[in-house]
Amino acid sequence: MPILDIRNVSKSFGSLKALDDVSFCVSAGSIFGIAGPNGSGKSTLFNTITRIPFGPDRGEVLFEEAPLHRLPAHEIARRGLTRTFQRETCFDKLTVFENVLVAAAYGKPGRTAQEHRQHAIDALDVMEIGKAAYGRNADELSVFDRKCLMLATAMATKPRVLLLDEPASGLTKPEIEKSIDLIRRIAERGVTIVLIEHVLTFLMSLSQQLMVLNQGKVLAAGDPDAVIADPRVVEAYLGTRKHDA
Ligand SMILES: Nc1ncnc2c1ncn2[C@@H]1O[C@H](COP(=O)(O)OP(=O)(O)OP(=O)(O)O)[C@@H](O)[C@H]1O
Ligand SMILES: [Mg+2]
């Protein structure tokens, strides 16, 4: 049974079909990559799955076999399906530790303050954010550190599925290498990962399955090496055209 089962999801903005009948399944414990040209609907897909900020017009999202439609976004996150954003999104005026503590504590009334703090520390440890950084304001951090903080915040919710929207964008080559290691560490903890990325080396080194979107539709999906070699994928990315006869 897939942990995430997306069935015929569509989403339009006026006359623009941002997602057009998209279906795919993600196996528990795997890393599932998503690529596609700018505007192909990748972020809209994460929006519709998590309902942050909107659900699909049509179609179904099943998480651990349970349909998510009609659930509000915070309830989806509490069930263990969490996302990050394309732009590093933090509470800028809160410290690093406070950012992660909010995620660790939110919606978990049964736990003590000490338990919340320990969950926050565990999440920061996974992302190798040391105590020296705990008191810094989020808006003082570099792009890389803000991305790590956003990931630590997501981990503090204790997700079973984590949706990552372009975690490598804007990073240097050494930072990309480091991010690959950190995402592997998250996966090793049993978290299923769905990964949107334009940096193909990043995507290819992490993904066990790959799906390419184009103009809101699934263009190709399956083994990453086969998908990336698919002539339709090459055409969508490079715009190569067959010569007219
Ligand atoms: N809230 C919105 N209102 C209107 N149009 C939107 C909205 N969100 C996305 N779109 C449009 O839907 C299409 C898909 O956008 P989306 O952000 O999902 O693309 P993407 O694949 O994530 O692109 P990128 O690689 O640039 O991040 C684009 O044409 C975009 O302009
Ligand atoms: Mg996007």
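Modeller: A salt bridge is counted here when a side-chain nitrogen of Lys or Arg lies within 4 Å of a carboxyl oxygen of Asp or Glu, and a search of the whole structure, which is a predicted model, finds 15 of them.

Colleague: What makes R7 and E60 a salt bridge?

Modeller: The closest N and O atoms of R7 and E60 are 4.0 Å apart, and the limit is within 4 Å, so the pair is counted as a salt bridge. R7 lies in strand β1 (residues 4-13) and E60 in strand β4, so the pair ties together parts that are 53 residues apart in sequence.

Colleague: How do you know that K178 and E128 form a salt bridge?

Modeller: For K178 and E128 the closest N and O atoms are 2.4 Å apart, which satisfies the cut-off of 4 Å, and the pair is therefore a salt bridge. Across the interface of domain 1 and domain 2, the rule finds 2 salt bridges, together with 4 residue pairs in polar contact.

Colleague: Which elements supply the side of domain 1 that touches domain 2?

Modeller: At least two residues each come from α2 (73-79), β7 (161-165) and α6 (173-188), and α6 gives the most, with 6 residues. By class, that side of domain 1 has 8 nonpolar, 5 polar and 7 charged residues.

Colleague: How are the two domains laid out along the chain, and what area is buried between them?

Modeller: Domain 1 takes in 1-80 + 159-245, and domain 2 takes in 88-158; their C-alpha centres lie 25 Å apart. In contact are 20 residues of domain 1 and 15 residues of domain 2, where contact asks for heavy atoms within 4.5 Å. The buried area is about 1500 Å², of which carbon and sulfur atoms give 66%.

Colleague: What makes E128 notable in its backbone as well?

Modeller: Most residues other than glycine have a negative phi, and most peptide bonds are trans. E128 is not a glycine, yet has a positive phi of about 55°, and is found in the loop between α4 (113-126) and α5 (143-156).

Colleague: Why is the bond between I52 and P53 called cis?

Modeller: The peptide bond that joins I52 and P53 has an omega of about 5° and is listed as cis; P53 is found in the loop between α1 (42-50) and β4 (58-63).

Colleague: How do you know that the radius of gyration agrees with that of a compact globule?

Modeller: With 245 residues, a compact globule would have a radius of gyration near 18 Å, and the chain has 18 Å, so the two values agree. The C-alpha atoms fill a box of roughly 70 × 40 × 35 Å along the principal axes, and the chain has 9 helices and 10 strands.

Notes: Residues are numbered from 1 along each chain as its sequence is written. Chains are lettered from A and ligands numbered from 1 in the order in which they are written. This is a predicted model: local features need pLDDT of at least 70, side-chain atom pairs count only at pLDDT 80 or more; totals for chains, interfaces and linings use all residues. Side-chain values use heavy atoms; hydrogens and water are left out. Domain bounds come from an automatic or database domain assignment. Buried area is the accessible area (1.4 Å probe) that two parts lose on being put together, summed over both. A polar contact is a pair of N or O atoms within 3.5 Å; within protein, one must be able to donate a hydrogen and the other to accept it, and residues adjacent in sequence count only if both atoms are side-chain atoms. Helices (H or I, at least four residues) and strands (E, at least two) are DSSP runs, numbered from the N terminus. Ala, Val, Leu, Ile, Met, Phe, Trp, Tyr, Cys and Pro count as nonpolar, Asp, Glu, Lys and Arg as charged, and the others, Gly among them, as polar. The radius of gyration is taken over C-alpha atoms; the globule rule is 2.2 Å times the number of residues to the power 0.38.
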